[in-house]
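Here's a set of exercises to work through with the model open beside you. Try each task on your own, then check the solution.

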Amino acid sequence: MKDLGKYGLQDVKAHWNLTPEELQKATLDRGMGVETDNGTLAINTGKFTGRSPQDRFLVKDDYTKDRVWWGKINKPISPEDFDKLHKEIVNYLSGKEIYVRDGYVCADPRYRMNVRTVTEYPWSNMFIYNMFLRPEASELEYFEEEWLILCAPGYVESDPSGCGLRQGNFSILNFTKKIALVGGSAYTGEMKKGIFSALNLILPTDKNVLPMHCSANVGKKGDTAIFFGLSGTGKTTLSADPDRKLIGDDEHGWTAENTIFNFEGGCYAKAIDLTEEKEPDIYRAIKPGAILENIVFKEGTREVDYTDSSITQNTRVSYPIYHIDNIQQPSYAENPKNIFFLTCDAFGVLPPVSKLTPGQAAYHFISGYTAKVAGTEAGITEPVPSFSACFGEPFMPLHPTVYAEMLSRKMEEAGVSVWLINTGWSGGPYGVGSRIKLKYTRAMITAILEGDLDDVDHEQHPIFGLYMPKYCPGVPSEMLDPMNTWLQKGAYISKSIQLAHSFHLNFEKFASQASQHILDGGPLIDEHHHLTEHV
C-alpha cells in the first residue's frame, strides 16, 4: 500500500497520513509558517492568493469531448500535453520529502469517492486533512484511491506554450486517468475546487446526483434547507443558525433518493474583516488545527489583524467541520423543503424576500446574480451586476442548463419551495439606500422555515414577476415591496428596467439551450424594455 513507485515517484521520503499536529510542526520546522497568539498555524501562499481560473484546464478526450461545455471557463488541453506535465511533476517530486494523505469526498456512503493527495508542502497536506472527509484508522490499511492529486507548488513549467499552457502555473483535471495536477501555485483552494469541479461532471453524468455550490442545514423536524449565493451574500452567516444543525457550508449533492450530503469534511471561510460578533462560529473555529492564509499580524504581536488586506482581500481560514459545535453527523440529511437564493442587490431593486415558480427558480439559478459595489478609487459608486451561472460557474464543466433542469425536476418531485432573498440594499441603490438589516433577513428565513409564509397573500413584482409576501413576522411590512421604500417611484421603475435588461443580456448565452419553461421565468420585460404578454 505504501508503494509510491506505481505513480513513478522515485527515491522519495514519504510521510503518510500525519496528524495535524505533526504537519503543523513540520511546517514550522521548515520555516514555512508561524503560529498566532492562540497556536493557530498561519501561512503565506506566495504569488497566488486566489485561484487562477485562466490556468485551469480539462483534458479533452473521449470522456469529456462531447460532455463538457467548452469555452472560457472550461479550457481544453490535449492528453499528450497532460502526459508531458504529469511526467514533469513526477520527476520534480522524485527525490524529495513529500506528504501523502488518504481521504474521501461525499459524506453519503453510496457516493463516496476516495482521493489520495501527494503534496510537496506539509501545510498543503494539513489543508486536505481539514477539507476532505477523514477515513477511520482501520480503513487506511486497505485504502485504494479513485482519484489522485499531485500538488507541486514549487514546480513552474519553463515552456508553457510548448505544453498548451498560458503561463508556468496550472491546474488540470484528467477524467480518464482520474488525476488532478496542480503546479506552480501554492493556493490551497486549487485542490479543493479541482475535486469539486470533478464531482460536478461525474455526479450528474454518471450518478444522477445534482452537485451544488451551496450551504445546507437541517431543523429539529428533519427538514433540510439549502442556501445558494455568491461571495458576500451571506451564505455562511445565514446557514449558521443556533436552532438548526449545519450539514456543510460550501459543496453538496442532492440525490435521486432526496438526501442532501456534504462533499467535504471542513470549511474554507473568508477571514477579511472577521469579528466574533458578526461570525461567532467561524471566529471560534480559528484555533490549533485551523490554517490561516495570507493574514497580517498587528504590529509587534502575533495577534491577527483581520481588517488588514495588504496581502490580499481573499484572506482565508480552513478548519475541520468539527471545530463548529452545532453540526449534523454524519453530514447528510433527507427531506429538502426550502431553497434560498441569496443575492446582495446593490441596486436596491429586488424585494427582500420573494417566492419563485419552478421556471423562475431555474432562470435565477442559471443567472446566479449578485451586485458588486464598485471600488471608489476612480470615483465610481455605481454598483456593477455580477452573474455566475448556478452560483458557481468557474467549477461547472457542463452547460448550466443541465444543472438548472435537474434542479427544476428535483424541486417539483420533492415539493420544495424556492425563495429569492435580497441581503443587499433597500430604499435606493448603494450610496442612497441602506443595507437590509441582518436581523430582518434572519426573521424572513425563520418565518419561511417555520411555515409562517405558507398562507400569506402575495403580490407580483411588476418587472421581475416575483411573488412578494405582503406580511412577514418581525419585518416592517412597508419593506416587503421595494418600491414603497424609494422616495421616487419612477426612479425605482427605471432602475428595475435597467437591472432586468442586465439579466436579459447575461442570459443570451444560455437561451439557445434553455427550455421555454426556463425562459418564461425571466423578467417580464423583453430586451426592448416592453412588458411581455404573459403579465
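Where is the place of E80? E80 sits in helix 2 (residues 79–93). Helices here are DSSP runs of H or I with at least four residues, strands are runs of E with at least two, and both are numbered from the N terminus.

Before you go on, a note on the ground rules: this is a predicted model, where local features need pLDDT of at least 70, side-chain atom pairs count only at pLDDT 80 or more, and totals for chains, interfaces and linings use all residues. Residues are numbered from 1 along each chain as its sequence is written, and side-chain values use heavy atoms, with hydrogens and water left out.

**Exercise 1. Decide whether E80 is buried or exposed, then look at how E80 and E257 are placed.**

Step 1: get the cut-offs. Buried means under 20% relative accessible area, exposed means over 50%, and partly exposed is in between (1.4 Å probe, protein chains only).

Step 2: apply them. E80 has a relative accessible area of 54%, so E80 is exposed.

Step 3: check the distance. E80 and E257 are 177 residues apart in sequence and 40 Å apart in space, C-alpha to C-alpha.

**Exercise 2. Do the same for A225, and list its contacts.**

Step 1: find the residue. A225 lies in strand 12 (residues 224–229).

Step 2: judge the accessibility. A225 is buried because its relative accessibility is 0%.

Step 3: list the partners. Contact means heavy atoms within 4.5 Å. Setting aside neighbours within four places in sequence, A225 touches S215, A216, N217, R244, N338, F340 and L449.

Step 4: try another pair. A225 and S417 are 192 residues apart in sequence, yet their C-alpha atoms are 9.8 Å apart in space.

**Exercise 3. Describe the surroundings of T401.**

Step 1: T401 belongs to helix 9 (residues 400–414). With a relative accessible area of 5%, T401 is buried.

Step 2: look for a polar contact (a pair of N or O atoms within 3.5 Å; within protein, one must be able to donate a hydrogen and the other to accept it, and residues adjacent in sequence count only if both atoms are side-chain atoms). The side chains of T401 and H399 make one, at 2.8 Å.

Step 3: leave out neighbours within four places in sequence, and T401 is in contact with I366, F510, Q513 and A514.

Step 4: follow I366 back to its helix. I366 is one of the buried residues of helix 8. Nine of the 10 residues of helix 8 (residues 358–367) are buried, so helix 8 is largely enclosed by the rest of the structure. After helix 8 comes G368, with a positive phi near 55 degrees.

**Exercise 4. Work out how helix 1 and helix 3 pack.**

Step 1: know what to report. Two packed helices are described by the angle between their axes and the distance between the axes. Axes are lines fitted to C-alpha atoms, for helices over the stretch in contact, and angles run from 0 to 180 degrees between N-to-C directions.

Step 2: read off the values. The axes of helix 1 (residues 20–29) and helix 3 are 8 Å apart, at an angle of about 155 degrees.

Step 3: name the arrangement. That makes helix 1 roughly antiparallel to helix 3 (under 35 degrees is roughly parallel, over 145 roughly antiparallel, 65 to 115 roughly perpendicular, and the rest oblique).

Step 4: find the residues that meet. Helix 1 brings P20, L23, Q24, A26 and T27, and helix 3 brings P122, W123, N125, M126 and Y129.

**Exercise 5. Repeat this for helix 3 and helix 5.**

Step 1: the axes of helix 3 (residues 122–131) and helix 5 (residues 189–207) come within 10 Å and cross at roughly 45 degrees.

Step 2: helix 3 and helix 5 are therefore oblique to each other.

Step 3: the contact uses S124, F127, I128 and M131 from helix 3, plus G189, M191 and K192 from helix 5.

**Exercise 6. Find some unusual backbone spots.**

Step 1: recall the background. Most residues other than glycine have a negative phi, and most peptide bonds are trans.

Step 2: D11 is not a glycine, but its phi is positive, about 55 degrees. D11 is in the segment before strand 1 (13–16).

Step 3: N208, also not a glycine, has a positive phi of about 55 degrees. At 39% relative accessibility, N208 is partly exposed.

Step 4: the peptide bond between Q329 and P330 is cis, with omega about -15 degrees. P330 is in the loop between strand 18 (316–320) and strand 19 (332–334).
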